[in-house]
Amino acid sequence: MAKPVVAIVGRPNVGKSTLFNRLIGARKAIVEDIPGVTRDRIYDNSEWRGREFIVIDTGGIRFDEGDIFASEIKMQAELAIEEADVIIFVVDNKTGITAEDEQVAEMLRRSQKPVIVAANKVEDFSKHISYYEFYQLGLGDPIPVSAMHGMNTDELLDAVVAKFPPQPEKEEEEDRIKIAIVGRPNVGKSSLVNAFLGEKRVIVSDVPGTTRDAIDTPFTYAGRQYTLIDTAGIRRKSRIKDATERYSVIRALRSIDRADVVLIMIDATEGVTEQDKKIAGYVHEQAKANIIVVNKWDLVKKDEHTMNIYDERIREELKFLAYSPILYVSAVTKQRVFKILDIVDFVVEQHNRRITTAELNRVVNEAIMLNPLPGGGGKKVKILYTTQVRTAPPTFVFFANHPEGVHFSYLRYLENVLRKNFGFEGTPIRLLVRQNE
Ligand code: GDP
Ligand code: GDP
């Protein structure tokens, strides 16, 4: 089920990004460092009183065209209206209402989306606070906060969560594999959807009365069941005129969250772009099974080396996806399009794979013997035991006498060993070190 989306809008300098960081808060304490990925901190997961949701800082979104300030804010607000379940409209208690605030308020009122007005930069909660002028915006009770000091943000979050759509009944267990197709505008996502769904052997299922989002399309191919995530969104090109890649990124991130497998589409005629890297980085970070799908292969002039050259280039650009299969397809000629589904099945299997403890320890012990752990500060560091604690993604715990002595580079080595022995193509794996009891 899709998580509710909360968008933060408002003029520059009112405190949107401060509030954003406050709302995503402690979750970011543990950040995995992925080389080659620039973090795009405009979108993140959060949780309040047991409800998970997504926060978007629309202030961090740059639209290519129209550098005029006012229109940028309008586009951000439009984006929020289109994408969000609840909008936090941040205003500055120090400056009061401005003409721009009024313009944005008017758009928000017309949208009829749930909006919470956050009157930010309230300094002293012990005194009588005068934030009442913000009632004039016609968007209900403003909530005074200080994003910087984290004051009253609890109350703000309570108000936000109260506006969420009701939590759906627990979704019935599904055997269907959920596939997200992500990539830049014009890479061929909707062509690929059409290639899948327009095929005679594909039966588009009509599943009435379920809680499934109507935006997804369940289908059956060769007796196997899949769901294409956000087919409606892929086909419906954005209503926002100056829709840029940023916009499509948000859509992509939402789909990735819900997917079992992500098809990362690259345009063969353009190669890997910065935007592709960001999306791919997010897929990896969210530990989703994935396949790199290079589309428009029909447009490439080929000889017997072309595929290798492409492979090399893509591996260089997307280093952290060294484990992902690369497939060269054409959504238009349908070359290898159904091969994608075979590989989908395969990577899902890898994602859910479990290695027996005996086999795992045999492989790990042998690896340690071949390449012993470096000593740490005079201490003899030992890994005594390894176990797989979960699947999807496969996660391994190494129990060591001095966990801090097992370095990142050594874990890299162990990851390579595990991959060499067990495969795990198309799935991230996680390696953790714990204190031996
Ligand atoms: P944005 O442009 O809306 O994203 O605004 P920022 O989050 O970058 O904040 C703009 C400025 O306001 C920064 O200097 C912040 O430190 C400051 N600021 C944010 N929240 C508060 C607050 O609660 N109180 C005060 N006094 N300053 C704040
Ligand atoms: P989306 O924005 O990612 O959904 O991209 P579309 O599916 O709308 O495709 C954008 C353009 O690329 C359209 O004109 C398609 O006909 C074209 N296109 C998509 N896939 C292919 C392909 O495999 N080969 C060729 N030659 N053109 C393609």
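This report describes the fold of one protein chain and the surroundings of its two ligands.

The model is a predicted one, and its protein chain holds 12 helices and 16 strands. Of the 437 residues in the chain, 36% are buried. Among the contacts with a separation of 6 or more, 73% are made by residues that stand 24 or more positions apart.

**The six-stranded sheet and its helices**

An open sheet with mixed pairing is formed by 6 strands, which follow one another in the order β2-β3-β1-β4-β5-β6. Its edge strands are β2 (43–48) and β6 (143–144), each of which pairs on one side only. Within this sheet, strand β1 (residues 5–9) runs parallel to strand β4 (residues 86–92), and the two are joined by 4 bridges; I8 has I88 of β4 as its bridge partner.

Two helices can be placed against these strands. Helix α1 lies across β1, β2, β3 (51–57), β4 and β5 (115–120), and runs at about 160° to β3. Helix α3 (residues 99–111) lies across β1, β4 and β5, with a direction at about 165° to β4.

**The surroundings of the two ligands**

Helix α1 (residues 16–24) also takes part in the shell around ligand 1, to which it gives the most, with 3 residues. In the shell around ligand 2 that place is held by helix α5 (residues 189–197), likewise with 3 residues. The table sets out the residues that surround each ligand and the classes to which they belong.

| Ligand | Surrounding residues | Closest residues | Classes in the shell |
|---|---|---|---|
| Ligand 1 | 15 residues | G15, K16, S17, T18 and M148 | 4 nonpolar, 9 polar and 2 charged residues |
| Ligand 2 | 16 residues | G188, K189, S190, S191 and S330 | 6 nonpolar, 7 polar and 3 charged residues |

**A buried loop residue**

A147 lies in the loop that connects β6 with α4 (153–162). Is this loop residue buried or exposed? A147 counts as buried because 25 C-beta neighbours lie inside 10 Å, where 20 or more are needed for a residue to be called buried. When neighbours within four places in sequence are left aside, the contacts of A147 are with G15, T18, L19, R22 and N120. Of these contact residues, G15 and T18 are also listed among the closest to ligand 1. A further spatial relation links A147 with V122: the two are 25 residues apart in sequence, and their C-alpha atoms are 8.8 Å apart in space.

**Strand β12 and its partners**

Strand β12 (residues 289–295) is mostly covered, with 7 of its 7 residues buried. In a regular strand the side chains alternate between the two faces of the sheet. In β12, A289, I291, V293 and N295 point one way, while N290, I292 and V294 point the other way, and all of them are buried.

Strand β11 (residues 261–267) runs parallel to β12 and is joined to it by 7 bridges, with I264 having I292 of β12 as its bridge partner. Between these two strands the chain passes through helix α8 (residues 274–285), and the resulting β-α-β crossover is right-handed.

β12 also pairs in the parallel sense with strand β13 (residues 326–328), here over 3 bridges, and the bridge partner of V293 in β13 is L327. The chain goes from β12 to β13 by way of helix α9 (residues 306–317), in a β-α-β crossover that is right-handed as well.

**The three-stranded sheet**

Another open sheet is made of 3 strands in the order β14-β15-β16, and its pairing is mixed. Why is one side of β14 and of β16 left without a neighbour in the sheet? β14 (383–390) and β16 (430–435) stand at the edges and each has a single partner strand, so on one side of each there is no neighbour in the sheet. From one strand to the next, the twist averages 25°. Strand β15 (residues 395–400) and β16 are paired in the parallel sense over 6 bridges, and A400 stands opposite Q435 in β16.

Notes. Residues are numbered from 1 along each chain as its sequence is written. Chains are lettered from A and ligands numbered from 1 in the order in which they are written. This is a predicted model: local features need pLDDT of at least 70, side-chain atom pairs count only at pLDDT 80 or more; totals for chains, interfaces and linings use all residues. A residue is near a molecule or strand if its C-beta atom, placed from the backbone, lies within 6 Å of it. Ala, Val, Leu, Ile, Met, Phe, Trp, Tyr, Cys and Pro count as nonpolar, Asp, Glu, Lys and Arg as charged, and the others, Gly among them, as polar. Two strands pair if DSSP finds at least two bridges between them. Axes are lines fitted to C-alpha atoms, for helices over the stretch in contact, and angles run from 0 to 180 degrees between N-to-C directions. Two residues are in contact if their C-beta atoms, placed from the backbone, lie within 7 Å. A residue is buried if 20 or more other C-beta atoms lie within 10 Å of its own, exposed if 12 or fewer, and partly exposed in between; C-beta atoms are placed from the backbone. A crossover is right-handed if, with the strands pointing away from the viewer, the path from the first strand over the helix to the second runs clockwise.
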